[in-house]
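Dear colleague,

I am passing on the structure we spoke about, with the sequence and the coordinates together below. Please look through it first, and then read my notes, which follow it.

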Amino acid sequence: MTKIIEPKKQRNIFSRPSSEEGVWSWITTVDHKRIGIMYGYAAFFFLLVGGLEALLLRIQLSQPDNNFLSAAEYNAMFTMHGTTMIFLAIMPISAAFFNYLLPLQIGARDVAFPRLNALSFWIFIAGGLFLYSTFLFGTAGAPEGGYLAEEVSRLASAPNGGWFGYQPNAGLKYSPGTAMDYWAIGLQILGIASLVSAFNFITTILNMRTKGMRLMRMPVFTWMTFAVSFLLAFSLPIIAIALFFVTFDRQFGTTFFLTEGGGDPVLWQHLFWLFGHPEVYILILPAFGIVSEVLPTFSRKPLFGYPAIVFAGFGIAFIGFGVWAHHMFASAISPVAQAGFGLSTMIIAVPTGVKIFNWLGTIWGGRLTLNTPMLFALGFIGMFVIGGLSGVTHSVVPADTQQTDTYYIVAHFHYVLFGGALFGIFSGLYFWFPKVWGRMYNETMGKIHFWLMIIGFNLTFGPMHWLGLQGQVRRTWVYAEETNLGFWNLIVTIGAFILAIATLVFMANWIYSRRKGEVAPFDPWDARTIEWSIPSPTPVWNFSNAPEVKSLDDFWHQKYGEDEDGRAVRREGTDELLLQLEEEGLNPKEEIHLPSPSYFPVVMAFGLPFLGYAIIYKSIPLALIGVIMLLIGGFGWGTEPLEEEFESSEEEPESGESKNYE
Amino acid sequence: MSDAHAYPHEPTGVETRKLGFWVFLSTEILFFGTLITTFLIFKGRDFPGIKLTDVYDIPFTSVSSFVLLMSSLTMVLAHNALETNDQEKTRVWLLATAMLGAVFLAGQIYEFTEFYHKGFELSTNIFSSTFYVLTGFHGLHVFIGVVLLLALWGIGQRQKGLSLNEGMNLEFIALYWHFVDIVWIVLFTVVYLI
Amino acid sequence: MSETHKEHPSPTKYVQIAIVLAILTAIEVALYYTEDIVGALAPPLLIILAVGKFVIVVGWFMHLRYENSLVNKFFAGGMILALILFAIVMIERAVGNFF
């Protein structure tokens with residue numbers, strides 16, 4: 001059987017964690033698969049919370065002049081809904097996919113920096129908890145004489161300045177209390193998490209590829225991870241500094257974004273959208289990657305135009321940096337900028353269109369299997385095209401100034417981020433379910449989930465297009481009876497509840513199939529990429545031997561050859577090959593040294609919220625706790641080897657002694 | 001590790017941790033870029049009250065800039081000494097770099113207190129705010145650098161030499177230190193001289 | 001790692017480089033004091049000097065000259081992206097309010 005050698009204990013601040021099961025093994029793990037799974041569950045939890053907030057919003061809007069939520073509560077709910085869905089749900093679910101799949105797809109044993117990976121995850125958790133602790137400790141006062149000057153409930157004691165935090169509305173004068181500080185610092189912490197993971201993924205993709213895995217042989221999902229990591233690495237620093245300024249404005253009396261002190265609110269908009277627009281592609285590109293894996297598999301055809309889809313992905317990422325001001329057509333920007341950013345917004349539709357045609361080309365003439373992942377992938381294409389087309393309408397500046405801040409915009413970005421990103425994510429969740437759990441999901445329930453979702457989705461967000469064009473304004477908690485917007489708003493609310501039911505079906509399926517689902521066969525989808533050439537659930541060591549990749553879709557070409565007409569023909573002996581792969585995958589021949597678990601990432605990560613509280617409450621003791629945790633974590637980390645010394649490796653010189661450099 | 005060879009690494013030919021570190025440095029450009037942009041935008045505006053030009057002391061800042069510049073030299077000499085495996089010299093130069101960095105920091109603290117006494121405070125006007133956040137953010141980087149240098153020096157002192165792994169760390173700290181230095185080269189010109 | 005380290009300069013070379021840097025800094029400070037004489041030329045000259053120092057430190061002290069081209073691309077990419085984006089923002093904030 002397997003030979004995983006027991007590590008020898010070494011002295012450090014804490015003795016090295018050694019449990020392999022139970023809570024502590026998960027808390028201290030540095031295994032990319034476990035981290036991926038934890039990312040997934042945590043993000044799904046926040047997705048439910050964000051969805052709940054959306055339901056509250058929809059109940060309030062279900063009829064005119066409703067008073068289910070107060071204005072203050074409504075503001076808090078839409079702010080938290082946006083912030084949660086973007087930073088705590090979709091981004092980390094994508095991170096879950098990156099974590100779990102990236103090393104498998106490039107044939108690596110783990111990511112480049114396993115402990116840094118654990119650090120990213122725990123900073124994300126720390127940041128999420130910090131942000132949500134606003135419901136316990138935060139205060140959201142009312143501006144003097146403002147219409148919000150009513151008693152503020154706990155529900156309203158959350159950030160209420162919108163996920164975009166426009167200044168000066170999100171400044172101290174118009175958003176008094178500590179809630180917006182929780183928002184600014186919470187996003188700061190979450191940003192660190194994503195930044196760290198971006199370094200990790202870029203390095204992993206460049207340097208951890210297995211033999212023969214040239215760049216142009218990498219699966220498209222890996223490519224999209226690569227593009228997303230660049231977007232994260234180069235856009236997050238900008239928002240980090242901008243949030244820094246906000247915190248200074250709110251805490252230390254500066255006026256970076258406040259006109260009364262000579263500051264510049266429009267500068268905030270620039271800095272925010274310099275990050276915010278790449279962020280949109282950070283959310284959607286992982287879904288592009290997932291769909292590009294699912295469609296070829298279930299069409300039984302290679303991806304149509306692989307290089308085009310890769311370059312289009314990078315084209316989108318690159319141009320994505322040059323379209324930010326289209327969020328600001330109604331702000332103070334020059335006519336030249338309006339024309340320029342209008343143009344660049346049209347141009348970015350081109351690489352996106354290239355991808356759509358590539359996907360259509362992939363399914364064209366294929367032998368389609370319409371199971372749940374495929375349905376979600378097809379749904380993704382349809383919904384994303386609608387969202388993309390309404391997106392192009394925003395590039396027409398005069399039209400956009402009419403649409404700004406109406407439900408038309410809300411409809412657009414939900415088609416892109418829900419119909420696009422989330423459909424893609426669901427497709428991926430079903431597709432890789434057997435890989436992660438070694439069991440099959442329930443197909444019937446999956447299909448029910450899909451149909452409920454697509455109906456509910458279109459009922460929810462379709463009518464928002466015309467509600468917006470009729471003039472219903474975003475971020476406003478009531479509308480008058482006379483506007484005649486009541487009917488469609490009720491439909492929208494019904495749609496939102498159908499989405500909630502669909503999500504329950506998904507959860508039921510997941511919980512049931514995890515335990516009782518059929519045991520997944522080896523390679524259940526007759527798939528194309530090398531993560532399916534190892535047993536499911538993935539063994540701790542991923543690949544028993546470093547695989548050698550000879551072509552794009554290597555696993556497929558191991559199984560299939562071509563006949564004279566270029567049709568795929570299953571090679572003789574494929575069944576034996578699969579049996580052999582399963583046998584080899586479960587029984588590695590050599591000893592495998594895996595990175596050892598560590599306490600220090602967790603210690604470091606949970607130091608950050610203390611620093612956050614210290615800034616908000618101007619508390620030196622809290623700051624000291626935070627700094628000490630960071631120092632203990634950092635020092636322990638720096639002096640702890642990645643892998644423990646192993647008993648058997650006696651030929652290795654002892655570490656700790658001075659060695660020659662080079 | 002005996003089996004590390006079975007598992008291929010680094011198709012790019014750049015050591016993995018070094019590659020990751022350079023990616024980190026590339027993003028640092030964006031951090032400082034945002035700060036400098038904000039500074040320049042506000043520099044061109046009218047604002048009431050005391051200005052930096054009313055309080056600053058160019059000879060003093062020139063000297064502290066020079067100190068930081070020379071700390072880059074001692075850093076590179078430490079790196080060089082390690083490459084030729086002269087452990088003794090490595091530690092001397094490491095300590096020298098840390099000390100020069102500390103001198104720069106002390107200078108910055110002195111400068112900030114002087115400015116404060118002259119009425120140029122954090123929230124005096126938009127210019128003073130950007131000045132303190134920008135130079136303070138750089139100062140924080142120097143501080144972290146000094147801590148790292150001292151930690152590495154301490155480890156070297158205790159073990160009478162740096163191991164291979166710690167030698168890599170020295171290389172990263174050196175890169176970080178030089179980066180902090182080039183940021184100051186830009187800041188000195190942009191903030192003080194122009 | 002040794003493949004990426006094409007012969008680094010010797011200590012003497014480093015000291016020479018540092019002397020050049022010191023001289024450039026001296027010129028910068030001198031330019032500041034003679035701004036009345038040099039006039040409008042001073043700011044561009046100062047920027048050129050700063051860029052020169054920047055390049056010297058990055059190229060020699062950070063060994064970017066001797067580094068793999070991939071690393072160079074990352075650093076240059078970050079620089080170029082930052083310069084373009086922030087130039088646009090600066091121009092916009094200088095003129096945007098007038099429309």
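At what angle do helix α6 of chain B and helix α3 of chain C pack, and how many Å apart are their axes? Before the answer, please keep in mind that this is a predicted model, and that the values below are computed from it.

The helix from chain B covers residues 164-193 and the one from chain C covers residues 42-61; they pack at an angle of about 175 degrees, and their axes are 9 Å apart. Because an angle over 145 degrees counts as roughly antiparallel, α6(B) is roughly antiparallel to α3(C). On the chain B side, the contact is made by B:His178, B:Asp181, B:Ile182, B:Ile185, B:Val186, B:Thr189 and B:Leu193, while α3(C) contributes C:Leu46, C:Ile47, C:Ala50, C:Lys53, C:Phe54, C:Val57, C:Val58 and C:Phe61. Taken over both helices, the residues of this contact divide into 11 nonpolar, 2 polar and 2 charged.

Chain C also meets chain A, with 11 residues of chain C in contact with 13 residues of chain A. On the side of chain C that touches chain A, the residues are 5 nonpolar, 4 polar and 2 charged.

As for chain C itself, its secondary structure comes to 4 helices and 0 strands, so that, read from the N terminus, the order of elements is α-α-α-α. The domain assignment splits the chain into domain 1, residues 1-67, and domain 2, residues 68-99, and the centres of these two domains, taken over C-alpha atoms, are separated by 22 Å. The radius of gyration of chain C is 18 Å, whereas a compact globule of 99 residues would have one near 13 Å. Along the principal axes, the C-alpha atoms of chain C fill a box of roughly 55 × 35 × 10 Å, and 27% of the 99 residues of the chain count as buried.

One residue of chain A may also be worth a look in the viewer. A:Asn207 belongs to helix α6 of chain A, which covers residues 179-207. Is A:Asn207 buried or exposed? A:Asn207 has 23 C-beta neighbours inside 10 Å, and since 20 or more are needed for a residue to count as buried, A:Asn207 is buried. A:Asn207 and A:Ala112 are 95 residues apart in sequence, yet their C-alpha atoms are 7.6 Å apart in space.

With best wishes

How values were computed: Residues are numbered from 1 along each chain as its sequence is written. Chains are lettered from A and ligands numbered from 1 in the order in which they are written. This is a predicted model: local features need pLDDT of at least 70, side-chain atom pairs count only at pLDDT 80 or more; totals for chains, interfaces and linings use all residues. Domain bounds come from an automatic or database domain assignment. Two residues are in contact if their C-beta atoms, placed from the backbone, lie within 7 Å. Ala, Val, Leu, Ile, Met, Phe, Trp, Tyr, Cys and Pro count as nonpolar, Asp, Glu, Lys and Arg as charged, and the others, Gly among them, as polar. Axes are lines fitted to C-alpha atoms, for helices over the stretch in contact, and angles run from 0 to 180 degrees between N-to-C directions. Helices (H or I, at least four residues) and strands (E, at least two) are DSSP runs, numbered from the N terminus. Angles under 35 degrees count as roughly parallel, over 145 as roughly antiparallel, 65 to 115 as roughly perpendicular and the rest as oblique. The radius of gyration is taken over C-alpha atoms; the globule rule is 2.2 Å times the number of residues to the power 0.38. A residue is buried if 20 or more other C-beta atoms lie within 10 Å of its own, exposed if 12 or fewer, and partly exposed in between; C-beta atoms are placed from the backbone.
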